[in-house]
Amino acid sequence: MSVVDPGPAAAPGDAGIRWQRPSGLLLRARRIQAVLVTVPVALAGGLIAGLVGSLPLGLGIGLGLVVVGLLWERFLTRRVAAWGYAERGEDLMVRRGVLIRRLSVIPYGRMQFIDVTAGPVERSLGLATLRMHTAAAASDARIPGLDQAVAAKLRDQLAALGETQAAGL
Amino acid sequence: MRPEGAPEASEPGDTVTVPAPPDMATWHRLHPLSPLVRTGRHFVSVGILILVLIFANHGGSNNDFITDFVVIGIALIAGVVSWLVTRWQVSDGVLRIETGLIRRDSRRFPLWQVQAIDVVQTGLARVLGLAELRLRMAGGDASGGRLACLRLAQAEQLRERLLAMAHAPGLAPAGAPGAASPASPASPASPASAASPASGASGVAAPGPERLLFRVRSQRLAGAIILSRTGAYAAVVIAGVGLIAGLSGAPGAAAYLLPIVVAMVLTVWRQFNGEFATSVWIAPDGLRLRSGLVQTAAETIRPGRVQAVRLVEPLLWRAFGWCRLEVDVAGSRQRRENRSEGQRLRALIPVGSRADAEQMLAELVTSAPRPTLGAPAAARWKAPLTYHFLGWNGDDRYVVASRGRICRKTTWVPLEKVQSIRWVQGPVQRRLELASIRLDVAGRRVTASIQDRGAAEAQQILARLPDQARAARELNRA
């Protein structure tokens, strides 16, 4: 997690916003997840096509699926780079997305509860995902790939801020 | 607001500002006939099943009937047992409901957190003079409470009392400013809310003075439902089935499609039944809605609980100058038997003229800004059809945004109710240098979308709105 300039997927807002990034390990986690999906799918696709059709067909389809996986990986890099969050005085900003760019502003007082979750891949790398819930179902804000210690600290910090600034429905 | 109630409220030891009448503080049972009403729905479905079986078997084996009666018997016994072990009590401003034979389930509903209280009568309950009381809290589906069933008069009396207690100042803890704020957008201009403290302060609920705001016209409602999406679907399906039956030459073939037709007719009927004779009254304890043909419902939306107001103008309705006005209230309706209802917002005006809507809007929204700021010309490329209706505006209390192609939707959101603000830019929008701003409020997917603004303008809005929303929240709290 480091303080960096807005980067390629710069979102609007004040130039003075200090955007924080998820851990650099997030890209590795996403790559592992991509491999875990691509390899079995390519194997299964290739095997089925090879058994039903001919050997070249099976090889072709298997390789094709691997290429799709590699393209996906290219996209992952940009997507991971697009994540960012900024703690401001009264609210938290979260930005994400490459194709569809999104930026959410969530007042601390509106947070109903905060989740910290970690899947098996994230856990093995010592990462966690922070998820903030408001009373509105639509405001889905999460920050993936935080160091577990950072996530826990941020959670406590946000909860404390939420308590002091809480507003009724 | 109520100086005569204040000394009581300030006593730290006394949490009951409005002393509950002695008859409410003790434990109560529900009405003895409630098992019958609660299993009533099963009677109907079992009856249909029996009819189907009779036709299918041509009076075949009697075993089917025996199993059916066993099922009904078990349902009734279960109902009686659940009635025996269910009891309720109101004390310290909290409604407690205890139920369960094996696994005791004791739930408490703090009245200052109540979003709305409904009195619902199903058809059978109406015949027996019973009614069900439903409490809506802000949480999810399972968070509401229901008392089924009470005598109608008792249910209405209880609702008055609960609402009066819910309104008592000092009952609300500091964390729930919405409960105590008298100056709320739901009844801003209502002189009644300021002028009649008597209804709550005395503890004995005299129904406050009501003022009729709107009553739906039955013929117009029927016409509107036929011209609505539900009606259109039903017409298409029924015409399709008729066509199949006619073309195949054998009407028997269409019998397989009969369930679809029945389902369609039921959907239309349900909507008609639910919205029939909708009337909206304004009273000190909030907006009162009454509606229903067979199953009637009376609900009260407390002032300050309206999260958003939406004006819907479908294409076909526009030809007649009709529109629909809906409000979003946090917390979902507890109505398992009627899922489709839960998906939509609460319609204050199921169908009405523009004048009706304007009048209602003036009651709900103190300063209703109009979506006069049109979208930039670049948006024409992204949304050629919608472009005409895209617009937004805002002042320091409300934001209004309109969109929609066939169905024009204009949404007013009080800034103090905004939960989160989102800025979104898709690939097409990026190319055209556009962006959208969405304001989320509590409830079911209600979002005011300021669609397709110029990138610079969107950035400006995004920079300004969080501060404005905070100012509105603080104003509301003060």
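Which residue in β2(A) does A:Y85 stand opposite? In this predicted model, the residue facing A:Y85 is A:V94 in β2(A), and the two strands concerned lead into a sheet to which both chains contribute, described next.

**A sheet built from two chains**

Strand β1(A) pairs with β2 of chain A, residues 91-96, in the antiparallel sense, and four bridges connect them. These two strands belong to an open sheet of six, with antiparallel pairing, whose order is β1(A)-β2(A)-β3(A)-β18(B)-β19(B)-β20(B). The edges are taken by β1 (84-87) of chain A and β20 (447-454) of chain B, each of which has a single partner strand, so one side of each is left without a neighbour in the sheet. On average, and with direction ignored, neighbouring strands of this sheet are turned by 15° against each other. As general background, strands of a sheet pair through backbone hydrogen bonds, and they may do so in a parallel or an antiparallel way.

**A sheet within chain A**

Chain A also holds an open sheet of three strands, in the order β4-β5-β6, and here too the pairing is antiparallel. In this sheet β4 (113-117) and β6 (141-147) of chain A stand at the edges with a single partner strand each, so one side of each has no neighbour in the sheet. The average turn between neighbouring strands, direction ignored, is 20°. Five bridges join β4(A) to β5 of chain A, residues 127-133, in an antiparallel pair, and within that pair A:F113 stands opposite A:H133 in β5(A).

Two helices of chain A lie across this sheet, and the table sets out what each of them crosses.

| Helix of chain A | Residues | Strands of chain A crossed | Angle to β6(A) |
|---|---|---|---|
| α1 | 25-52 | β5 and β6 | about 100° |
| α4 | 148-165 | β4, β5 and β6 | about 140° |

**Chain B as a whole**

Chain B has 478 residues, of which 42% count as buried, and its secondary structure comes to 20 helices and 20 strands. When contacts in chain B between residues at least 6 apart in sequence are considered, 60% of them join residues at least 24 apart.

The largest nonpolar core has 122 residues, and the members that touch the most other members are B:A131, B:L150, B:L348 and B:V413. Helix α7 of chain B, residues 152-167, provides the largest share of this core, with eight residues. What does B:V413 touch, not counting residues up to four places away in sequence? The residues that B:V413 touches on that basis are B:A308, B:Y398, B:V399, B:V418, B:L439, B:V441 and B:A448.

**Helices α20 and α5 of chain B**

Helix α20 of chain B covers residues 455-477, which is 23 residues, and reaches 33 Å from its first C-alpha to its last, close to the 33 Å expected at 1.5 Å a residue. This helix nevertheless bends by about 30° at B:L465, with a proline, B:P466, following within four residues. Both B:L465 and B:P466 are buried, and the buried residues of α20(B) also include B:A458, B:I461, B:L462 and B:A469, together with B:R470, B:R473 and B:N476. In general, an α-helix has 3.6 residues a turn, so residues three or four places apart point the same way.

In helix α5 of chain B, residues 63-85, sits B:V80, which counts as partly exposed because 15 C-beta neighbours lie inside 10 Å. Although B:V80 and B:P32 are 48 residues apart in sequence, their C-alpha atoms are 8.3 Å apart in space.

**Backbone details in chain B**

Most residues other than glycine have a negative phi, and most peptide bonds are trans. Against that background, the bond joining B:A148 and B:C149 is a cis peptide bond, with omega about -5°, and B:C149 is found in strand β6 of chain B, residues 145-151.

Phi of B:D92 is near 55°, a positive value in a residue other than glycine. The place of B:D92 is the loop between β1 (87-91) and β2 (94-99) of chain B, and B:D92 counts as partly exposed because it has 16 C-beta neighbours inside 10 Å. B:E433 has a positive phi near 55° as well, and lies in the loop between α19 (427-431) and β19 (434-441) of chain B. With 13 other C-beta atoms within 10 Å, B:E433 is partly exposed.

Definitions and conventions: Residues numbered from 1 in each chain as written. Chains lettered and ligands numbered in written order. Predicted model: local features only at pLDDT ≥ 70, side-chain atom pairs only at ≥ 80, totals over all residues. Pairing = 2+ DSSP bridges. Axes fitted to C-alpha atoms, helices over the stretch in contact; angles between N-to-C directions. Contact = placed C-beta atoms within 7 Å. Expected span 1.5 Å × (residues − 1). Bend = angle between axes of the 7 residues up to and from the residue. Buried ≥ 20, exposed ≤ 12 C-beta atoms within 10 Å, placed from the backbone. Core = buried A, V, L, I, M, F, W, Y, C linked by C-beta atoms within 7 Å.
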